[in-house]
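Colleague: I have a chain open here and some questions about how it is put together. Can we go through it?

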Amino acid sequence: MEKITLNVQGMSCEHCVKAIEGNVGELKGVNSVKVNLKADTVDVEFNQQEISLDKIKETIDDQGYDVE
């Protein structure tokens, strides 16, 4: 398992949290995802043999947020 903290811009409310945690959490290979609105970060724990970091970032980007 790999753990990473992503800087994500554009998150402002509980809807943002649910959108990201729900969509990223459903990806095969993602073990956990936690949004921190105050810090503008998303912590993700995932199995890099099942899913790539790029796919996780793409999923967040598809929700309308900017991933750094």
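Modeller: What follows goes from the overall fold to the core and then to single residues. Keep in mind that this is a predicted model.

Colleague: Start with the basics. How many helices and strands does the chain have?

Modeller: There are two helices and four strands. In sequence order they run β-α-β-β-α-β. The radius of gyration is 11 Å, close to the 11 Å that the globule rule gives for 68 residues, so the chain is as compact as a globular protein of that length.

Colleague: What does the C-alpha trace span along its principal axes?

Modeller: About 30 × 20 × 20 Å.

Colleague: And what share of the residues counts as buried?

Modeller: 35% of the 68 residues. The accessible surface of the chain is about 4200 Å², and carbon and sulfur atoms account for 40% of that.

Colleague: Charges next. How many positive and negative side chains are there?

Modeller: 7 positive and 14 negative. The centres of the two sets are 6 Å apart.

Colleague: Of the contacts between residues at least 6 apart in sequence, what percentage joins residues at least 24 apart?

Modeller: 60% of them.

Colleague: On to the interior. Which residues of the largest nonpolar core touch the most other members?

Modeller: Ile-20, Val-42, Ile-56 and Ile-60, out of 19 residues in that core. At least two core residues come from each of β1 (2–9), α1 (14–25), β2 (30–36), β3 (41–46) and α2 (53–62).

Colleague: Which element gives the most?

Modeller: α1, with five residues. As background, nonpolar side chains tend to be buried together in soluble globular proteins.

Colleague: Take Ile-20. What does Ile-20 touch, leaving out residues up to four places away in sequence?

Modeller: Val-8, Met-11, Gly-25, Val-35, Val-42, Ile-60 and Tyr-65. Two of the names from before, Val-42 and Ile-60, are therefore partners of Ile-20 as well as being, like Ile-20, among the core residues that touch the most other members.

Colleague: Now Thr-41. Is Thr-41 buried or exposed?

Modeller: Thr-41, in strand β3, has 12% relative accessibility and so counts as buried, the limit being under 20%. Not counting residues up to four places away in sequence, Thr-41 touches Thr-5, Leu-6, Asn-7, Met-11, Lys-34, Val-35 and Asn-36.

Colleague: What about Asp-40? Where is Asp-40 found?

Modeller: In the loop between β2 and β3. At 24% relative accessibility, Asp-40 counts as partly exposed. Its phi is near 55 degrees, a positive value in a residue other than glycine.

Colleague: What sign does phi have in most residues other than glycine?

Modeller: Negative.

Colleague: Change of topic, helix α2. Where does Thr-59 sit, and what does Thr-59 touch beyond four places in sequence?

Modeller: Thr-59 is in helix α2 and touches Asn-23, Val-24 and Leu-27. Between Thr-59 and Val-24 the C-alpha distance is 6.5 Å, with their positions 35 residues apart in sequence. Thr-59 counts as buried, at 10% relative accessibility.

Colleague: And Leu-53, buried or partly exposed?

Modeller: Partly exposed, at 22% relative accessibility. Leu-53 also belongs to helix α2. Beyond four places in sequence, Leu-53 touches Ile-4, Leu-6 and Phe-46. The C-alpha atoms of Leu-53 and Glu-2 are separated by 9.7 Å, although the two are 51 residues apart along the chain.

Colleague: Last, the loops. Which loop holds Gly-29?

Modeller: The one between α1 and β2. Gly-29 is buried, with a relative accessible area of 14%. Leaving out residues up to four places away, Gly-29 touches Glu-45, Phe-46, Asn-47, Glu-50 and Ile-51. Gly-29 and Ile-51 are 5.5 Å apart, C-alpha to C-alpha, and 22 residues apart in sequence.

Colleague: Asn-47 is on that list. What else does Asn-47 touch, with the same neighbours left out?

Modeller: Met-1, in addition to Gly-29. Asn-47 is in the loop between β3 and α2. The C-alpha atoms of Asn-47 and Lys-3 are separated by 8.9 Å, and these residues are 44 apart along the chain.

Key. Residues are numbered from 1 along each chain as its sequence is written. This is a predicted model: local features need pLDDT of at least 70, side-chain atom pairs count only at pLDDT 80 or more; totals for chains, interfaces and linings use all residues. Side-chain values use heavy atoms; hydrogens and water are left out. The radius of gyration is taken over C-alpha atoms; the globule rule is 2.2 Å times the number of residues to the power 0.38. Buried means under 20% relative accessible area, exposed over 50%, partly exposed in between (1.4 Å probe, protein chains only). Contact means heavy atoms within 4.5 Å. Accessible areas come from the Shrake-Rupley method with a 1.4 Å probe; for residues, only the protein chains shown count as cover. Lys and Arg count as positive and Asp and Glu as negative; His and the chain ends are not counted. The place of a charge is taken as NZ of Lys, CZ of Arg, CG of Asp or CD of Glu. A nonpolar core is a set of buried Ala, Val, Leu, Ile, Met, Phe, Trp, Tyr and Cys residues joined through side-chain atoms within 4.5 Å.
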